[in-house]
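Please follow the account below with the coordinates open beside it, moving from strand pairing to the packed interior and then to the way the chains are arranged.

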Amino acid sequence: MFVAWRDLKFAKGRFALMGTVIVLITLLVGLLSGLTAGLGRQNTSAITSLPADRIAFAAPGEGGEPSYADSTVTEEQWRSWARAPGVSGAEPLGITTAKATAGNRSAGVSAFGVRPGSALAPGGGRLGGDAVVLSATAAHDLGLTAGDAFVLAGRRVTVAAVSGDAFFSHTPVVWTGLGLWREITPSAGGADGPTATVIALRTTSATDVGAADRAAGTRTVSRDESLSAIGSYASENGSLQLMRGFLFAISALVVGAFFTVWTIQRSGDIAVLKALGASTATLLKDALGQAVVLLAAGTLIGTGCAAAVGALVSGMDVPFVLTPATVLVPAAVMIALGALGAALSVRRITSVDPLTALGSAR
Amino acid sequence: MSLHLTDVTLTYPDGGSRLTALDGVSLDVPGGSLTAVVGPSGSGKSSLLAVAATLITPERGTVTVDGITTTGMTRAELAELRRRGIGIVFQQPSLLPSLTAAEQLQVMARIDGRSPAGARGRAMDLLDAVGLADLADRRPHQLSGGQRQRVNIARALMNDPTVLLVDEPTSALDHERGTAVVDLIARLTRRQATATVLVTHDRAHLTAADRIAEIRDGRLRIPAAAGQARAS
């Protein structure tokens, strides 16, 4: 790094320009990562916090994929799963979107219908009848506290408790009893009609999921895989991840392009050093070390800026998640991909002919 | 300490045929002596220097540096031989723009795997020997052409080589500075006891050489006795 350090100090303008580009890309990637995680949480936290490891959907048609929006399961399907060997828990879960009104305030909410007293029910045994449990955001948006009454999909209900801050498909969750959920869900009802949207399962290694699916006429996936069955999450997350991927690729290309030009500019110096006896390995280490220093410094500053902006906006209504996973992982990927781009560029050092250092040599 | 080229032949592709750059060249240069090789452009001077510097492997013949024959050596071994046994003074000073004069010399220690900081004393001694101790912290753009060439010479001597190869060192200098540079090379050759080969197209500065060999069409003609140039 003897020459590399001095190059960094000597060509300050060029390296500062490149460093600024890295800072800006890192800032953008950091903000996008936090936003992606925040939006993802607003889409999925009600599902990811369920005490279940698998979700059983009504079997979709030929070539179809499970969907929370389209799935409806019957009581018979639920009981079939409950009887299945190796299943330690099977709970029906109804999901519907509803309008909640409290005085002059109203909000769109996701009504999650569960059996009162079951493992899925929040707030202990306070659910049931007209008693519902609000998530913190629903309570805040509607200006409600425990004991207050409001209207949910045309039914007057009472707030039994405010618990957690679960979201589903960008709407806060209101937990209701399964009976109330059936009443406020137009497609649910009737003796043989749908009982719930899905079945939340706790399985063991003894569970033959395929056989149980065939017996119940369901399609079962893991809880995390079921997130792609939330339509808004699949499209939104896919778009944001694509943008993030492009930013990573752009970063690697920009760093690679910079070091390609830089290496070409230095090819005369490299030829001299080789003619003087410098090994190619030493020159490659120096060049790569220089790239990593630039990347690390740029990424560190960019990540710091992203964390600062994230901390600022996450106190507002912006769905931004500031965790080591959303801050440090993108930074590490930026450095790794940038170093890869630089490595591909500086490898041209191996092809520099030391003979060119002798001015008039052929 | 010596350099021996024995029956060296080198050709380059030239369309459908091959052009002979060196034709059975043999040259013995003992330590502490300066051999100047003169000849017109295209006569094979730079090819001779490139072969002696182990930058080109000849088709035929051997190159021996301080008793080590280079035939069959790998690139890595040749690079090690260059950094430890051969000093090269380039036609253009070819100094690294980001390094000061002292650092231009210290980098030689770095590429040899030694601490550049530990080599500062040796670098200062050599800069003193070429009259640039006061300018040790200047970068190339802050030095004149002659000063840059003297840094170039000091750098070539940094790893205490047994062979010093000098490529047209006066081409960018006026007569007075050119003569001063060649005199400096001759003085350092004797002080460091290097086997020095200096190639040039210009005979004007060669009074300090121990002997002057002439190259033409790849064939080297060497005067019978060493010391001829100084005596004449």
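In this predicted model, V89(B) stands opposite V166(B), a residue of strand β7(B). The two strands concerned, β6(B) and β7 (residues 163-167) of chain B, run parallel and are joined by 4 bridges. Along β6 (residues 86-89) of chain B the side chains alternate, with I86(B) and I88(B) pointing one way and G87(B) and V89(B) pointing the other way, and all of these residues are buried.

What does L165(B) touch, once residues up to four places away in sequence are left out of the count? Its partners are L49(B), A52(B), A53(B), I86(B), I88(B) and V197(B), and two of these, I86(B) and I88(B), are the residues that point one way from β6(B). L165(B) is also one of the residues that touch the most other members of the largest nonpolar core, a set of 114 residues in which V51(B), A52(B), I185(B) and V197(B) share that standing. The largest share of this core nevertheless comes from chain A, where helix α2 (residues 12-48) supplies 10 residues. A second core, separate from this one, holds 61 residues, among them L152(A), V173(A), A196(A) and A216(A).

Helix α1 of chain B deserves a closer look, since V51(B) and A52(B) belong both to the list of its buried residues and to the best-connected members of the largest core. The helix is mostly covered, with 8 of its 8 residues buried, and the buried set runs through K45(B), S46(B), S47(B), L48(B), L49(B), A50(B), V51(B) and A52(B). Within this helix lies S47(B), which counts as buried because 28 C-beta neighbours are found inside 10 Å. Although S47(B) and L10(B) are 37 residues apart in sequence, their C-alpha atoms are 8.0 Å apart in space.

After α1(B) comes T54(B), with a positive phi near 65°. This residue is found in the loop between α1 (45-52) and β4 (60-65) of chain B. Most residues other than glycine have a negative phi, and T54(B) is a residue other than glycine with a positive value. Is T54(B) buried or exposed? It counts as buried, because 24 C-beta neighbours lie inside 10 Å.

Chain A offers a parallel case at A153(A), which is not a glycine and yet has a positive phi of about 50°. The residue lies in the loop between β6 (149-152) and β7 (155-162) of chain A, and A153(A) is buried, because 21 other C-beta atoms lie within 10 Å.

Returning to chain B, one may turn to its antiparallel sheet, an open arrangement of 4 strands in the order β2-β1-β4-β5. Its edge strands, β2 (17-30) and β5 (68-69) of chain B, each pair on one side only. Strand β1 (residues 2-14) of chain B pairs with β2(B) in the antiparallel sense over 10 bridges, and V8(B) stands opposite V25(B), which belongs to β2(B).

The domain assignment of chain A gives two parts, with domain 1 comprising 2-43 + 233-355 and domain 2 comprising 51-222. The centres of these two domains of chain A, taken over C-alpha atoms, are separated by 45 Å. For the same chain, an unreviewed UniProt entry carries the annotation "transmembrane region" for residues 245-264, 292-313 and 325-346. In the model, the span 292-313 of chain A is 100% helix and 0% strand, with its end C-alpha atoms 31 Å apart. The span 325-346 of chain A is likewise 100% helix and 0% strand, and its end C-alpha atoms also lie 31 Å apart.

Finally, where chains A and B meet, 23 residues of chain A are in contact with 29 residues of chain B. On the side of chain A that touches chain B, the elements giving two or more residues are α1 (2-10) and α8 (267-275) of chain A, and α1(A) gives the most, with 5 residues. By residue class, this side of chain A divides into 14 nonpolar, 5 polar and 4 charged residues.

Methods. Residues numbered from 1 in each chain as written. Chains lettered and ligands numbered in written order. Predicted model: local features only at pLDDT ≥ 70, side-chain atom pairs only at ≥ 80, totals over all residues. Core = buried A, V, L, I, M, F, W, Y, C linked by C-beta atoms within 7 Å. Buried ≥ 20, exposed ≤ 12 C-beta atoms within 10 Å, placed from the backbone. Contact = placed C-beta atoms within 7 Å. UniProt positions renumbered as here; feature names shortened; annotations may be inferred. Domains from an automatic or database assignment. Nonpolar A, V, L, I, M, F, W, Y, C, P; charged D, E, K, R; others polar. Pairing = 2+ DSSP bridges.
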